[in-house]
Amino acid sequence: MNVPKLRRSVTAGAFAAAMLIVATACNAGADSASPPVGAIQASQPAQSSPGLRTVDNAQLGKLVTDEKGWVLYRFEKDKPNPPTSNCTGECATQWQPAAAVSDTQVQGVDQNLVGSVKRPDGTMQLTLNGMPLYHFAGDKNPGDTKGQGANRAWYAATPDGAKAGAPAQPKSASTENGSDGY
């Protein structure tokens with residue numbers, strides 16, 4: 001028997017066996033919800049939780065935004081105690097309810113003021129000091145406040161859940177975008 005050929009065969013066989021073990025280990029977790037043993041997860045960026053932040057607005061003062069910088073509004077026809085959302089149907093297409101999550105992160109907002117309310121459709125909506133919060137479809141960029149003062153009912157929210165200052169525009173934002181006065 002030739003010893004060099006035997007070593008090559010053993011080395012090749014060991015390499016093939018090692019590759020089979022690695023391939024099997026990598027595929028073992030493919031069908032399960034958990035990653036395979038040894039998978040690198042720490043280098044992946046953590047997903048940010050939905051959250052509330054404060055920003056300074058030159059005309060309105062401190063406002064509350066979502067984690068992406070979109071201004072959040074409150075509706076004067078809603079009730080804070082108990083929290084009640086009265087913007088439904090067509091209203092909720094122009095003024096989208098801010099979704100509530102169990103781990104809302106806050107920056108510049110008192111965590112004790114953050115809550116949620118169950119909407120008539122069964123979804124959960126974010127509240128601040130009892131007032132349901134909304135995004136305005138007419139805002140085209142983060143930081144826009146085009147909904148401020150619409151129909152004397154819609155106002156950007158402040159960090160304590162109150163309505164921000166006087167309307168920024170004399171015209172109603174809902175009239176400009178063709179809605180029915182929500």
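**Briefing: fold, cores and the surroundings of His135**

The protein chain contains three helices and twelve strands. The model is predicted. Of the 182 residues in the protein chain, 34% are buried. The points below cover the chain as a whole, an open sheet, two nonpolar cores and the residue His135.

**Chain-level values**

- The protein chain has an accessible surface of about 11000 Å², and carbon and sulfur atoms account for 55% of that surface.
- When contacts in the protein chain between residues at least 6 apart in sequence are considered, 62% of them join residues at least 24 apart.

**The open sheet β2-β1-β7**

- An open sheet is built from three strands in the order β2-β1-β7, and its pairing is mixed.
- The edges are taken by β2 (61-66) and β7 (105-107); each has a single partner strand, so one side of each is left without a neighbour in the sheet.
- From one strand to the next, the twist averages 25°.
- Strand β1 (residues 51-57) and β7 run parallel and are joined by three bridges.
- Across from Arg53 stands Gln107, a residue of β7.

**Nonpolar cores**

- The largest nonpolar core comprises 16 residues, and within this core Tyr73, Cys87, Trp95 and Trp154 have the most contacts.
- At least two residues of this core come from each of β3 (73-75), α2 (91-94), β11 and β12 (154-156).
- A second core, separate from the largest one, has eleven residues, among them Val114, Leu128, Leu133 and Ala157.

**His135 and its surroundings**

- His135 lies in strand β11 (residues 134-136), and β11 is one of the elements that supply at least two residues of the largest nonpolar core.
- Outside its neighbours within four places in sequence, His135 contacts Asp66, Trp70, Val71, Leu72, Gln94, Trp95, Gln96 and Ala98.
- One of these contact residues, Trp95, is also among the residues with the most contacts inside the largest nonpolar core.
- The side chains of His135 and Asp66 form a polar contact at 2.9 Å; Asp66 falls within β2 (61-66), an edge strand of the open sheet.
- Pro97 is separated from His135 by 38 residues in sequence, yet the two are 6.4 Å apart in space, C-alpha to C-alpha.

Definitions and conventions:
Residues are numbered from 1 along each chain as its sequence is written. This is a predicted model: local features need pLDDT of at least 70, side-chain atom pairs count only at pLDDT 80 or more; totals for chains, interfaces and linings use all residues. Side-chain values use heavy atoms; hydrogens and water are left out. Helices (H or I, at least four residues) and strands (E, at least two) are DSSP runs, numbered from the N terminus. Contact means heavy atoms within 4.5 Å. A polar contact is a pair of N or O atoms within 3.5 Å; within protein, one must be able to donate a hydrogen and the other to accept it, and residues adjacent in sequence count only if both atoms are side-chain atoms. A nonpolar core is a set of buried Ala, Val, Leu, Ile, Met, Phe, Trp, Tyr and Cys residues joined through side-chain atoms within 4.5 Å. Buried means under 20% relative accessible area, exposed over 50%, partly exposed in between (1.4 Å probe, protein chains only). Accessible areas come from the Shrake-Rupley method with a 1.4 Å probe; for residues, only the protein chains shown count as cover. Two strands pair if DSSP finds at least two bridges between them. Axes are lines fitted to C-alpha atoms, for helices over the stretch in contact, and angles run from 0 to 180 degrees between N-to-C directions.
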